[in-house]
Amino acid sequence: MAYNFYAFMDRMKYIKRWSLMRSVREENIMEHTQQVALIAHVLGIIENKIYGGNVDVEKCVLYAMYHECPEVLTGDLPTPIKYFNGSITGAYKDIERTACEKLLGTLPPEIREELAPSILADSSLPEWKLVKAADRLSAYIKCLEERRCGNTEFEKAEKSIREDVLSRGIRSVEYFMQNFIPAFSLTLDELEHGIMD
């Protein structure tokens, strides 16, 4: 018997983000997922090592790896629609959960049991909150990239996402914003200057 789960996951590379926005460079959910996993990983490390927290860093990475998986069935619904009102947001969360359950059904039972907690993550957990913050940081980085290329289409998104990220009151996110975000506005020459000296 053939199981379809990883073939579905491979299709993440075909699903474009920012579909309502004119982008200098297109972004798909596979590359976005990888960036979110990197950021969620370091947010967990910052939380534990700098602030003495007790976050499960492995969970952060696993939740991040699978946080967009329902979109292989649903597509990427634009944010203004997804969060237009509570009714639409609730309905979309139900659709995403159903998509996750359908995808889990494409795995052998033993593997399904192992992956289910990462794919159907508990949104009340601190690790999930870090993943959602990492997701927003990734969107903010995309805005910075587009604006650096002269694309004014992302001006409003950049401002509102920055406000959202900082309003979360997560100390590891504030640390990331202060210590890592400035480098995303540097050119390659400027980045290399720091390591080539």
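**Exercise 1.** In this predicted model, determine whether Phe-5 and Tyr-66 are buried or exposed, then describe how their rings are arranged and which parts of the chain they join.

*Solution.* Step 1: both Phe-5 and Tyr-66 are buried. Step 2: a search of the whole structure gives seven aromatic pairs. One of them is formed by Phe-5 and Tyr-66, with 6.3 Å centre to centre and 45° between the planes. Step 3: planes under 30 degrees apart would count as stacked and over 60 as edge-to-face; the pair of Phe-5 and Tyr-66 is tilted. Step 4: Phe-5 belongs to helix 1 (residues 5–10) and Tyr-66 to helix 3 (residues 57–66), so the pair ties together parts 61 residues apart in sequence.

**Exercise 2.** Describe the pair formed by Tyr-175 and Phe-180, and name the aromatic cluster that contains these residues.

*Solution.* Step 1: the rings of Tyr-175 and Phe-180 are 6.4 Å apart, centre to centre, with 55° between the planes, and the pair is tilted. Step 2: Tyr-175 has 24% relative accessibility and counts as partly exposed. Phe-180, at 36%, is also partly exposed. Step 3: Tyr-175 and Phe-180 form one aromatic cluster together with Tyr-51 and Phe-176.

**Exercise 3.** Which residues form a nonpolar patch with Leu-188 on the surface, and where is Leu-188 placed?

*Solution.* Step 1: the patch consists of Leu-186, Leu-188 and Leu-191, which together have about 260 Å² of accessible area. Step 2: Leu-188 lies in helix 11 (residues 188–196). Step 3: the relative accessibility of Leu-188 is 56%; exposed means over 50%, so Leu-188 counts as exposed.

Note on methods:
Residues are numbered from 1 along each chain as its sequence is written. This is a predicted model: local features need pLDDT of at least 70, side-chain atom pairs count only at pLDDT 80 or more; totals for chains, interfaces and linings use all residues. Side-chain values use heavy atoms; hydrogens and water are left out. Rings of Phe, Tyr and Trp (its six-membered ring) pair if their centres lie within 6.5 Å; planes under 30 degrees apart count as stacked, over 60 as edge-to-face and the rest as tilted. Helices (H or I, at least four residues) and strands (E, at least two) are DSSP runs, numbered from the N terminus. Buried means under 20% relative accessible area, exposed over 50%, partly exposed in between (1.4 Å probe, protein chains only). Patches are made of residues with over 30% relative accessible area and no salt bridge: like charges are joined within 9 Å, nonpolar side chains (Val, Leu, Ile, Met, Phe, Trp, Tyr) within 5 Å. Accessible areas come from the Shrake-Rupley method with a 1.4 Å probe; for residues, only the protein chains shown count as cover. A salt bridge is a side-chain nitrogen of Lys or Arg within 4 Å of a carboxyl oxygen of Asp or Glu.
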